[in-house]
Amino acid sequence: MSDREMEEMKKLAKEALPPMRDAELARDLWPAMLERLSTQRRGMPWWDWVLLAGASAGIWFAPGVIPALLYHL
Amino acid sequence: MYKHPYLRAYLAGIAIPTAFLLAIMTAYTIDRYVYDMPVPIERVIVFPMAAVPNAWGLWNLIFVAFLQKRHFPLGLFGGALPLLLVPGGYLVARLLNFTIPPVAFQVVPIGLPIALIVYYLVWKYFVGFLNAELGIA
């Protein structure tokens, strides 16, 4: 590629990608990010813990279900 | 990132059983060939190897395609999958002339509720996590 073609390519690239204007954020995004992070940390509700405990107890008292569970999982 | 949502739903669905299959296959192989378990598991291993992961993928695809927009809980939908897989597994075993150990029928009243609970929790938390990570939740 010659120098003239290179310059032409640079010119075309600059025309295709104009410089950004008003690049500053309109508002602070960090509080919304913190709110979202705190929302995601809710964890398991109590009824899911009850179900998990029930399933664990069932497997503990009837280990014969383990092969059947493995077959279907 | 927003292309091919159904492909991503399928991949998110098959990820859990496919990874878990490694543990299942290891346990079955050790039981069968190390401890000489007298049950020819290899005759029906096609069900957990092929049918179950694909069923998970298709189940998640159906959820994303039809139920997610209606805010149907993923855990409840995934928890219903054993209601198809249990009869399916039984059917495959019968078609392949696999002698089901009698103890398997005795544990059904306990095993089915446990399977429903395990599926509910796995789908709610693990598949839900993967769906969120892949941008389809």
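**Exercise 1. Confidence of the model**

Identify the elements of chain A with the lowest and the highest confidence, then set out the confidence of chain B and of the complex.

Solution. Step 1: in chain A, helix α4 (residues 65–72) has the lowest mean pLDDT, 78, and helix α3 (residues 46–61) the highest, 92. Here pLDDT is the predictor's confidence in each residue, from 0 to 100, and helices are DSSP runs of H or I with at least four residues, strands runs of E with at least two, numbered from the N terminus. This is a predicted model, in which local features need pLDDT of at least 70 and side-chain atom pairs count only at pLDDT 80 or more, while totals for chains, interfaces and linings use all residues. Residues are numbered from 1 along each chain as its sequence is written, and chains are lettered from A and ligands numbered from 1 in the order in which they are written.

Step 2: chain A as a whole has a mean pLDDT of 83, with 95% of its residues at 70 or more.

Step 3: chain B averages 87, and 99% of its residues score at least 70. Among its elements, α5(B) has the lowest mean, 78, and helix α3 (residues 74–79) of chain B the highest, 93.

Step 4: for the complex, the predictor gives an ipTM of 0.78 and a pTM of 0.75.

**Exercise 2. The fold of chain B**

Describe the secondary structure and extent of chain B.

Solution. Step 1: chain B has six helices and zero strands, in the order α-α-α-α-α-α along the sequence.

Step 2: the C-alpha trace spans about 50 × 30 × 25 Å along its principal axes.

Step 3: of the 137 residues in chain B, 31% are buried. A residue is buried if 20 or more other C-beta atoms lie within 10 Å of its own, exposed if 12 or fewer, and partly exposed in between, with C-beta atoms placed from the backbone.

Step 4: of the contacts in chain B between residues at least 6 apart in sequence, 88% join residues at least 24 apart. Two residues are in contact if their C-beta atoms, placed from the backbone, lie within 7 Å.

**Exercise 3. The two sides of α4(B)**

Which residues of α4(B) are buried, and why do they lie on the same side?

Solution. Step 1: helix α4 (residues 82–95) of chain B has 14 residues and reaches 19 Å from its first C-alpha to its last, close to the 20 Å expected at 1.5 Å a residue. The expected span is 1.5 Å times one less than the number of residues.

Step 2: the buried residues are B:P82, B:L85 and B:G89. They cover an arc of only 60° around the axis, which puts them on the same side of α4(B); the arc is that of the directions from the helix axis to the C-beta atoms. An α-helix has 3.6 residues a turn, so residues three or four places apart point the same way.

Step 3: these buried residues pack against α4 of chain A, and also against α2 (46–67) and α6 (108–133) of chain B.

Step 4: the face turned away from the buried side carries the exposed residues B:L84, B:P87, B:L91, B:R94 and B:L95. B:L95 has 9 other C-beta atoms within 10 Å, and is therefore exposed.

Step 5: after the helix comes B:N97, whose phi is positive, near 55°.

**Exercise 4. Interface and core**

How many residues of chain B are in contact with chain A, and which elements contribute to the largest nonpolar core?

Solution. Step 1: 22 residues of chain B are in contact with 16 residues of chain A. On the side of chain B that touches chain A, α1 (5–34), α2, α4, α5 (102–106) and α6 each supply at least two residues, and α6(B) gives the most, eight.

Step 2: that side of chain B divides into 20 nonpolar residues, two polar and no charged. Ala, Val, Leu, Ile, Met, Phe, Trp, Tyr, Cys and Pro count as nonpolar, Asp, Glu, Lys and Arg as charged, and the others, Gly among them, as polar.

Step 3: the largest nonpolar core has 33 residues, and B:I117, B:V118 and B:Y119 have the most contacts inside it. Such a core is a set of buried Ala, Val, Leu, Ile, Met, Phe, Trp, Tyr and Cys residues joined through C-beta atoms within 7 Å.

Step 4: two or more residues each come from α3 and α4 of chain A and from α1, α2, α3 and α6 of chain B; α6(B) has the largest share, ten residues.

Step 5: leaving aside neighbours within four places in sequence, B:I117 is in contact with A:L51, A:G54 and A:A55.
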